[in-house]
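User: Could you take me through the central part of this fold, one piece at a time? I'd like one connected account rather than a list.

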Amino acid sequence: MHLIVCSVASLIIACWAQRGGVGSPHPFKASFGDSPAPFMIDVDHEFIQETLQRVRLTRSPGELNQPELVDGPPVRVALAVRDHWIKDYDWFQTQHALNDQFTQFTTTVSMPADCRYTAPVPLHFIHHKSDHEGAIPLLFIHGWPGSFLEVGPLLPYLLDPPNASAPAFHVVAPSIPGFAFSPAPTQPGFGYIEAAHAFDALMRQLGYSQYVLQAGDAGGLIMRYQAHLYPSSVVSGLNNFWVVSPEISDLERYHAKEASDDEVAIIERMQFFISEHWGYGQIQQTRPLRLAHALTDSPVGLAIWIYDGLWPAVWDLSVLTAQEIITWTMMHWIQGPYGALSIYKQGGPLGGGFNATHFTPLPYVHQPMAISEFPKDLWYRTPLEWTQRTGNVKVRYLHETGGHFPAWENPELLAKDIWSFFGDKELSGMNVFQRYGERKGEL
């Protein structure tokens with residue numbers, strides 16, 4: 001049956017693919033009620049067989065005789081992904097492993113009355129509770145082209161830290177609507193601000209009236225809106241993608257050769273990104289459906305679109321195995337990539353997105369914040385003074401290794417930053433909690 005979106009919260013929202021072929025919107029079993037219910041990934045077998053057939057029929061482009069990566073990802077990578085998908089990749093084995101790894105749920109949340117997006121929002125999320133007394137509720141928000149899978153390698157560090165001096169966390173990691181198993185929005189207007197509203201509603205539904213945030217990429221934008229919109233809920237946060245564009249005075253000092261080393265580095269890094277790598281984002285921010293027609297039809301095409309977003313942003317390219325690329329792709333392929341692509345447009349310049357040349361200003365965040373910077377990220381070496389223009393940023397953790405997806409690629413480094421910041425109760429504001437965690441009786 002088709003996806004039914006209900007205006008009455010007590011009704012059940014159910015997903016199960018109409019048998020319209022591989023492009024059907026939701027070829028997985030799920031129900032979305034008005035309170036959290038356990039969820040297990042269960043993708044339609046026929047859909048997976050149709051996907052494999054499309055992989056077998058992949059048609060590759062020709063290439064010019066030039067250095068690799070000049071025009072885009074090389075054909076050899078696409079062929080390696082195709083061959084692994086056909087010969088070795090077993091979705092149902094992956095599905096079983098993910099169901100074993102993650103404690104997953106679905107629910108539906110309501111949006112505020114004054115929100116531009118008025119429909120109820122069905123959500124898929126993971127919720128892992130620590131066994132440590134007084135663990136802190138932490139909301140982890142992923143980015144594009146990632147998914148809730150990003151939090152997987154980080155979970156053991158957050159749930160069970162190595163010593164008693166480090167804080168432990170109850171971890172909630174939702175799928176942004178349109179990603180993985182959170183159905184895509186049903187009407188225009190769901191961007192970063194709306195995700196912030198939805199995720200605060202989720203935390204309240206789970207009984208967490210106060211919590212902390214950790215996020216990067218799109219999640220890094222969402223968490224700043226969430227902190228701004230819900231100052232009584234969000235105690236503090238650690239952001240590994242605190243975007244802030246240079247001001248005119250910064251550029252004037254740069255051209256006059258009066259800028260600091262960090263300012264020179266971040267200005268030139270941003271200029272290079274805009275000229276060499278931002279084309280994908282401009283398409284997704286202006287004509288996402290134009291792109292979605294092709295990527296919804298070709299699983300290998302989608303995989304290579306995702307790969308081309310990953311390789312410049314990871315420290316160690318060996319993590320980009322064909323197996324990993326395919327699994328990340330499946331988080332977009334199963335329900336189709338349009339919803340995830342279009343958050344770039346639905347967030348848009350008014351929602352903190354990139355326009356043609358820079359990030360638009362985001363609202364000031366008053367709660368204590370920390371930032372983690374990794375060298376393969378766009379905003380590496382952003383000066384602390386710049387970040388403090390748009391938030392109460394207390395500390396900058398500057399790393400010599402790591403990339404744009406630290407929870408996935410460098411979880412131990414990110415965990416040390418999390419422990420350091422939230423473990424300092426005065427610096428992070430954690431003194432509002434009783435002992436690294438929730439107030440007595442709150443949960």
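Analyst: Let's start with a helix on the sheet: H6 (residues 218-229) lies across strand E6 (136-141), strand E8 (211-215), E9 and E10, and runs at about 155° to E8. Bear in mind that this is a predicted model. Another helix, H16 (residues 411-423), lies across E6, strand E7 (169-174), E8, E9, E10 and E11, and its angle to E9 is about 145°.

What are those two lying on? The sheet is open and has nine strands, in the order E3-E4-E5-E7-E6-E8-E9-E10-E11, with mixed pairing. At its edges sit strand E3 (37-39) and strand E11 (391-398), each paired on one side only. On average, neighbouring strands here are turned by 30° against each other, ignoring direction. For context, the chain's secondary structure adds up to 17 helices and eleven strands.

Now zoom in on E6, which has E7 on one side and E8 on the other in the strand order. With E7 the pairing is parallel, over four bridges, and with E8 it is again parallel with four bridges. Leucine 139 is a handy landmark: its bridge partner in E7 is valine 172, and in E8 it stands opposite leucine 213.

How buried is E6? Six of the six residues of E6 are buried, so the strand is largely enclosed by the rest of the structure. In a regular strand, side chains alternate between the two faces of the sheet. You can split E6 that way: Ile136, Leu138 and Phe140 go on one side, Pro137, Leu139 and Ile141 on the other, and all are buried, leaving both faces covered.

Moving along the sheet, E9 (residues 234-239) and E10 (residues 365-373) run parallel and are joined by three bridges. Leucine 238 has alanine 370 in E10 as its bridge partner.

The loops after the strands are worth a stop too, if you care about backbone torsions. Most residues other than glycine have a negative phi, and most peptide bonds are trans. Here are some exceptions. After E6, in the loop leading to helix H4 (155-159), you find proline 145, and the peptide bond into it from tryptophan 144 is cis, with omega near 5°. After E7, alanine 180 sits in the loop towards H5; it isn't a glycine, yet its phi is positive, about 50°. Alanine 180 counts as buried because its relative accessibility is 1%. After E8, the loop to H6 holds aspartate 217, again a non-glycine residue with a positive phi, near 55°. Aspartate 217 is buried as well, with a relative accessible area of 11%.

Another aspartate to look at is aspartate 262, in helix H8 (residues 261-276). With a relative accessible area of 17%, aspartate 262 falls under the 20% cut-off and therefore counts as buried. Its contacts, leaving out residues up to four places away in sequence, are Arg381, Pro383 and Arg396.

What about the nonpolar packing? In soluble globular proteins, nonpolar side chains tend to be buried together. Here the largest nonpolar core has 133 residues, and Trp85, Trp91, Phe169 and Met330 have the most contacts inside it. Helix H5 (residues 192-205) is the biggest contributor to this core, with eight residues.

Trp85 deserves its own look. Skipping residues up to four places away in sequence, tryptophan 85 touches Thr51, Leu52, Val55, Pro299, Val300, Ala303, Ile326, Thr329 and Met330. Some of those belong to a helix-helix contact: Ala80, Val81, His84 and Trp85 in H2 meet Ala322, Gln323, Ile325, Ile326, Thr329 and Met330 in H12. By class, that contact has seven nonpolar residues, three polar ones and no charged ones. As for geometry, H2 (residues 75-87) and H12 (residues 322-333) pack at an angle of about 80°, with axes 9 Å apart. H2 and H12 are therefore roughly perpendicular to each other.

Zooming back out, 58% of the chain's 443 residues count as buried. And of the contacts between residues at least 6 apart in sequence, 76% join residues at least 24 apart.

Methods
Residues numbered from 1 in each chain as written. Predicted model: local features only at pLDDT ≥ 70, side-chain atom pairs only at ≥ 80, totals over all residues. Heavy atoms only, no water. Pairing = 2+ DSSP bridges. Helix = DSSP H or I, 4+ residues; strand = E, 2+ residues; numbered from the N terminus. Axes fitted to C-alpha atoms, helices over the stretch in contact; angles between N-to-C directions. Contact = heavy atoms within 4.5 Å. Parallel < 35°, antiparallel > 145°, perpendicular 65-115°, else oblique. Nonpolar A, V, L, I, M, F, W, Y, C, P; charged D, E, K, R; others polar. Core = buried A, V, L, I, M, F, W, Y, C linked by side-chain atoms within 4.5 Å. Buried < 20%, exposed > 50% of the residue type's maximum accessible area, 1.4 Å probe, protein only.
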